[in-house]
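Trainee: I would like to take a close look at one strand of this model and to follow its pairings outward into the sheet. Could you walk me through that part with some care?

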Amino acid sequence: GPTHVAVLIDQGARPALVANLYLADNRLVVSAVNLPAVEAGKALELWLLPPAGAPPRSLGLLAKDRRRFELASGYARALATGALAVSLEPMGGSPTGLPTGPVLLHGAVLPAS
């Protein structure tokens with residue numbers, strides 16, 4: 001099973017996305033509970049928020065058919081003590097490598113009990 005789990009909540013503190021981290025194989029598997037609607041020409045991008053205030057790192061776009069994210073080993077370790085966020089970005093993702101749109105979802109990554 002997963003080593004770590006995160007429940008990302010929206011602005012109204014409703015669960016929107018569940019993420020399971022498998023540290024052994026650097027894999028993140030997400031399942032949408034209630035993703036926000038996205039207007040045409042926009043996309044949802046998933047971000048790793050490392051601990052200690054390091055800049056966010058993009059994990060890729062959230063798509064209906066994209067549920068598995070293969071992570072670099074350093075990312076997986078950082079994620080185990082960090083958090084996840086989802087921002088609204090232009091189609092194709094952030095042009096700057098950092099979130100440019102509003103953060104719609106966020107949640108801490110916690111050890112799976």
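**Strand E1 and its surroundings**

Mentor: In this predicted model, Val5 of strand E1 stands opposite Leu110 in strand E8, and that is a convenient place to begin. The two strands concerned, E1 and E8 (residues 103-111), pair in the antiparallel sense over 4 bridges. Turning to the other neighbour, E1 also pairs with strand E2 (residues 15-22), again in the antiparallel sense, over 6 bridges, and here Val7 stands opposite Val18 in E2.

The side chains of E1 can be read face by face. In a regular strand the side chains alternate between the two faces of the sheet. Along residues 4-9 of E1, the covered face holds His4, Ala6 and Leu8, whereas Val5, Val7 and Ile9 make up the uncovered one. Val5, whose opposite number in E8 is Leu110, therefore belongs to the uncovered face, as does Val7.

Between E1 and E2 the chain forms a hairpin with 5 residues between the strands, and within this hairpin Ala13 takes a positive phi near 65 degrees. Pro15, with which E2 begins, is also one of the residues in contact with Asn34, the other being Ala16, once the neighbours of Asn34 within four places in sequence are left aside. Asn34 and Pro15 are 19 residues apart in sequence, yet their C-alpha atoms are 7.0 Å apart in space. Asn34 itself lies in the loop between strand E3 (27-32) and strand E4 (42-49), and because its relative accessibility is 42%, it counts as partly exposed.

At the far end of E2, Tyr22 offers its ring to the charged end of Arg27, which sits over that ring at 4.3 Å from its centre. As for pairs of aromatic rings, a search of the whole structure finds 0 of them.

On the E8 side, the path continues to strand E7 (residues 83-90), which runs antiparallel to E8 and is joined to it by 5 bridges; in this pairing, Leu105 of E8 is the bridge partner of Val86. Taken together, these strands belong to an open sheet of 8 strands with antiparallel pairing, in the order E5-E4-E7-E8-E1-E2-E3-E6. Strand E5 (57-62) and strand E6 (68-70) stand at the edges with a single partner strand each, so one side of each is left without a neighbour in the sheet. On average, and with direction ignored, neighbouring strands of this sheet are turned by 25 degrees against each other.

Note on methods. Residues numbered from 1 in each chain as written. Predicted model: local features only at pLDDT ≥ 70, side-chain atom pairs only at ≥ 80, totals over all residues. Heavy atoms only, no water. Buried < 20%, exposed > 50% of the residue type's maximum accessible area, 1.4 Å probe, protein only. Contact = heavy atoms within 4.5 Å. Pairing = 2+ DSSP bridges. Phe/Tyr/Trp six-rings, centres within 6.5 Å; stacked < 30°, edge-to-face > 60°. Lys NZ or Arg CZ within 6 Å of the ring centre and 35° of its normal. Axes fitted to C-alpha atoms, helices over the stretch in contact; angles between N-to-C directions.
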